Amino acid sequence: MVALLQLAGADVQFAPAAGSYNAAAGEHQVQFTPGGSLSVIDGRLTPLPGPLRLLDGHVVGAPATAAALLRPFGWTLRGSAANLHLARTDGGEQIEVSVIRAPTGRPS
């Protein structure tokens, strides 16, 4: 999740005291915590489509959850779970990304 946000141009910082991440770019800011399914997007508490988890030191979540966190920065995920692309919402730039399946067999 952190790498996707960085690819989308966000500066991502971890706040150890809170156990949460803050991603910022331009006038947009997204805060999220592994183990939760809520985020704060541009100051508004926002439910996520699914939970975020910490797996081997990486924050992971379903593609729909990643898309929700990327949206404020003008990016989304497109394609199937097996073939995802990080894409600008305005139809411009596109980057192919890999999907790793968590031990439960769900997309991460």
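## Starting at Ser 20

Ser 20 is buried, with 16% relative accessible area. That puts Ser 20 on the covered side of the cut-off, because buried means under 20%. This serine sits in strand 2. Setting aside sequence neighbours within four places, Ser 20 makes contact with Gln 13, Phe 14, Ala 15, Phe 32 and Thr 33.

Bear in mind that this is a predicted model. Mean pLDDT for the protein chain is 85, with 82% of residues reaching 70 or more. Confidence peaks in strand 3, at 97, and bottoms out in strand 10 (residues 94-97), where the mean is 56. Where pLDDT is low, the predicted coordinates should not be read in detail.

## The first hairpin

Strand 1 (residues 11-15) and strand 2 run antiparallel and are joined by 5 bridges. Within this pairing, Gln 13 stands opposite Asn 22 of strand 2.

What happens between the two strands of this hairpin? There are 4 residues between them, and Gly 19 takes a positive phi near 70 degrees.

## A run of rings

The model has 2 aromatic pairs. One of them is Phe 14 with Tyr 21, a tilted pair with 4.8 Å centre to centre and 50 degrees between the planes. Phe 14 is partly exposed at 44% relative accessibility, whereas Tyr 21 is buried at 14%.

Tyr 21 also pairs with Phe 32: their ring centres are 5.4 Å apart and the planes sit at 10 degrees, so this pair counts as stacked. Because Tyr 21 belongs to strand 2 and Phe 32 to strand 3, the pair ties together parts that are 11 residues apart in sequence. Put the ring pairs together and Phe 14, Tyr 21 and Phe 32 are linked into a cluster.

## Phe 32 and its company

Is Phe 32 buried or exposed? Phe 32 is buried, with a relative accessible area of 1%. Leaving out residues up to four places away in sequence, Phe 32 touches Leu 5, Ser 20, Tyr 21, Leu 38, Ser 39, Leu 52, Val 59 and Leu 69. So the serine we began with is on this list, next to Tyr 21, the stacking partner of Phe 32.

Ser 39 is another serine on that list, and this one lies in strand 4. Ser 39 is buried too, with a relative accessible area of 2%. Its own contacts, again leaving aside neighbours within four places in sequence, are Gln 31, Phe 32, Arg 44, Leu 45, Thr 46, Leu 48 and Leu 69.

## The core and helix 2

In soluble globular proteins, nonpolar side chains tend to be buried together. Here, the largest nonpolar core has 23 residues, and those with the most contacts inside it are Leu 5, Phe 32, Leu 69 and Leu 70. Helix 1, strand 2 (20-25), strand 3, helix 2, strand 8 and strand 9 each give two or more residues to this core. Which element gives the most? That would be helix 2, with 4 residues.

Helix 2 (residues 63-70) is mostly covered, with 6 of its 8 residues buried. The buried ones are Thr 65, Ala 66, Ala 67, Ala 68, Leu 69 and Leu 70. What do they pack against? Their partners are helix 1 (2-7), strand 3 (28-32), strand 4 (38-41), strand 8 (75-80) and strand 9 (83-88). Leu 69 in particular touches both Phe 32 and Ser 39.

## Two aspartates with positive phi

Most residues other than glycine have a negative phi, and most peptide bonds are trans. Asp 42 goes the other way, with a positive phi of about 50 degrees although it is not a glycine. Asp 42 lies in the loop between strand 4 and strand 5 (44-47). With 36% relative accessibility, Asp 42 counts as partly exposed.

Asp 56 likewise has a positive phi of about 50 degrees without being a glycine. Look for Asp 56 in the loop between strand 6 (53-55) and strand 7 (58-60). How accessible is it, and what class does that give? Asp 56 is exposed, at 73% relative accessible area.

Terms used:
Residues are numbered from 1 along each chain as its sequence is written. This is a predicted model: local features need pLDDT of at least 70, side-chain atom pairs count only at pLDDT 80 or more; totals for chains, interfaces and linings use all residues. Side-chain values use heavy atoms; hydrogens and water are left out. Buried means under 20% relative accessible area, exposed over 50%, partly exposed in between (1.4 Å probe, protein chains only). Contact means heavy atoms within 4.5 Å. A nonpolar core is a set of buried Ala, Val, Leu, Ile, Met, Phe, Trp, Tyr and Cys residues joined through side-chain atoms within 4.5 Å. pLDDT is the predictor's confidence in each residue, from 0 to 100. Two strands pair if DSSP finds at least two bridges between them. Rings of Phe, Tyr and Trp (its six-membered ring) pair if their centres lie within 6.5 Å; planes under 30 degrees apart count as stacked, over 60 as edge-to-face and the rest as tilted.
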